[in-house]
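Thanks for asking for a second pair of eyes on this one. Here is a short note to help you find your way around.

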Amino acid sequence: MLKNELRDILAQQKANDRGDWLESLTLRHEGDTLTVGFPHFYFAAWFNQQKRDLFEQALSCRFADKKLPQIVYEQPALGHAQTWSLPHVEQKTADQNKQNFMVRTDTPAAPRIENDAFTAFIANAKNAFPLAAAKEIAERRADVAYNPFLLCGHSGTGKSHILRSMAATLAEGHTGSRVIIAAAARFCADNPAWVRRPEIFWQQCDVLLLDDIQDLAGQPTWQRKLVSCMDACPRSIGQDGKPGQMVFACTGQPQALKALDERLRSRLESGLVVELMEPDLDVRMRYLQAMSKERHMNLTREQLLFIAQRCSQFRLLQGLLLKVAAFCSVTGCELSQADLENIVRTGVADKTPGCLEILGVVARAMNLRPEDVLGGKRRPDLVLARQVSMYICRRKLGLSYPELGRAFGGKDHSTVIYAIKKIKKILVSDKALQQLVTELELKAQ
């Protein structure tokens, strides 16, 4: 009925438009809201450019003596096989913002505690730069032009979490940005018509975030699609006068890009490439504390430390904590140290080295015997090896000074404090020791 009335209005206005295109629209008038649906993406793009103003003028005439309903345009997917989550954007008048916000939500689950905001991402100074860069891009600051932005890092370090945080920040910041976030392989595996005219894609999208870009290796067709999409990205003109933005995540170090085609790799490397480092013990402890608090688990610091020392990835920590919670729920008993050790032993933990293992690495690197380093001899090379071992154990394991003293043969905590302060002081000026400690930390992974 509404379509017929609008068609009559168009005829009366002598707009030289019979309104045949109205048949392709799906109109649902419920209360004070009119929802407009489209058969496919390209009809929506054509309608937005050619018929939208005419359609809204006809609606204004139809509801001249009544309250004009709020108009909600449902944005269709770019391809036939894709599914998109499309929060409705209410359009109260024709001169309001005509852009919709689009978010594709098929990326793998990332470690999370409360939500996907940047504040929920637990990190320290080691990952401060990648996090700050991602936040600036998500806030669409005018003086930021990191395009494309490539976030690398091992699995379980929180790359997907950051991508989703960026999408959430764009959505909540009232920037009007139209965002697509997807797995790279799924995005490229589809065969949308925009591949022939990639500029059409950027008419309907402002920010593209793709996860697991390494999955495109060995898929030349997919890579060519992405290259054409990247080349069409507007670098100076976009919504609100801002350029289009491309964000990618790659599992592994930046060297993993060598598996991609040279054309795609060169485009990725032309932007800002950052690496998200694995969470150290301090971050893992804070993550476990927040998770256990959220799940109302009464674990001691020693128990959390025991778990944190066995895993270097957020996902593994999450799985171990879930296993502990399930054990407590099934047995109804308080968790003992023996129970915790059995749970970890049968889990998938990637155990980090303990004090003795680190001491062994240091001793071998300095051509010494571990038992001599652990002993009480005051020979200069043994003392240096002992102090370096304490320093690395403190950094990697986060143990307290008394705990380190017990691990190193019952040393007093003041001895440990002195050793760590001395190594820190020497590292400021001794480049040879700096290099040695860096190599030893890598070997002690």
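The points below go from the whole chain to single residues.

1. Please keep in mind from the start that this is a predicted model. The protein has 445 residues, of which 48% count as buried. Its secondary structure comes to 19 helices and 9 strands.

2. A word on the overall fold. Take the contacts between residues at least 6 apart in sequence: 69% of them join residues at least 24 apart. The exposed surface of the protein is about 22000 Å², and carbon and sulfur atoms supply 51% of that area.

3. A good place to begin looking is the largest nonpolar core, which has 53 residues. The members that touch the most others there are L299, I307, V324, V362, V388, I392 and L404. Several helices give two or more residues to this core, including α10 (281-294), α11 (301-308), α12 (314-331) and α13 (337-345). Further along the chain, α14 (355-365), α16 (380-397), α18 (413-427) and α19 (431-443) do so too. The most comes from α16, with 8 residues.

4. To see this core from one residue, centre your view on L299. Setting aside residues up to four places away in sequence, L299 touches L304, I307, L321, V324 and L335. Two of these names, I307 and V324, are also on the list of members with the most core neighbours. There is also a second, separate core, made of 27 residues, with L210, L226, C229 and L257 among them.

5. Next, try the start of the chain. How do the axes of helix α1 and helix α3 cross? Helix α1 (residues 2-12) and helix α3 (residues 52-62) have axes that come within 9 Å and cross at roughly 100 degrees, so α1 is roughly perpendicular to α3. On the α1 side, the contact is made by L2, E5, L6, I9 and L10. On the α3 side, L54, F55, A58, L59, C61 and R62 take part. By type, the residues of this contact divide into 9 nonpolar, no polar and 2 charged.

6. Stay in this region and look for W21, in the loop between α1 and β1 (26-30). Is W21 buried or exposed? With a relative accessible area of 9%, W21 is buried, because buried means under 20%. Leaving out neighbours within four places in sequence, W21 is in contact with L10, F43, W46, F47, K51, L54 and F55. Of these partners, L10 belongs to the α1 side of the helix contact, while L54 and F55 belong to the α3 side. W21 and F47 are 26 residues apart in sequence, yet their C-alpha atoms are 8.8 Å apart in space.

7. Some backbone details deserve a look as well. N147 and P148 are joined by a cis peptide bond, with omega about 0 degrees. You will find P148 in the loop between α4 (128-138) and β5 (149-153).

8. Finally, compare two residues that are not glycine but have a positive phi. D212 has a phi of about 55 degrees, and N367 also has a phi of about 55 degrees. D212 lies in the loop between β7 (207-211) and α8 (220-231), whereas N367 is in the loop between α14 and α15 (370-374). Which side of the burial cut-offs does each fall on? D212 is buried, with a relative accessible area of 16%. N367 counts as exposed, at 72% relative accessibility.

Note on methods
Residues numbered from 1 in each chain as written. Predicted model: local features only at pLDDT ≥ 70, side-chain atom pairs only at ≥ 80, totals over all residues. Heavy atoms only, no water. Core = buried A, V, L, I, M, F, W, Y, C linked by side-chain atoms within 4.5 Å. Buried < 20%, exposed > 50% of the residue type's maximum accessible area, 1.4 Å probe, protein only. Helix = DSSP H or I, 4+ residues; strand = E, 2+ residues; numbered from the N terminus. Contact = heavy atoms within 4.5 Å. Areas by Shrake-Rupley, 256 points an atom, 1.4 Å probe, with all protein chains shown as cover. Axes fitted to C-alpha atoms, helices over the stretch in contact; angles between N-to-C directions. Parallel < 35°, antiparallel > 145°, perpendicular 65-115°, else oblique. Nonpolar A, V, L, I, M, F, W, Y, C, P; charged D, E, K, R; others polar.
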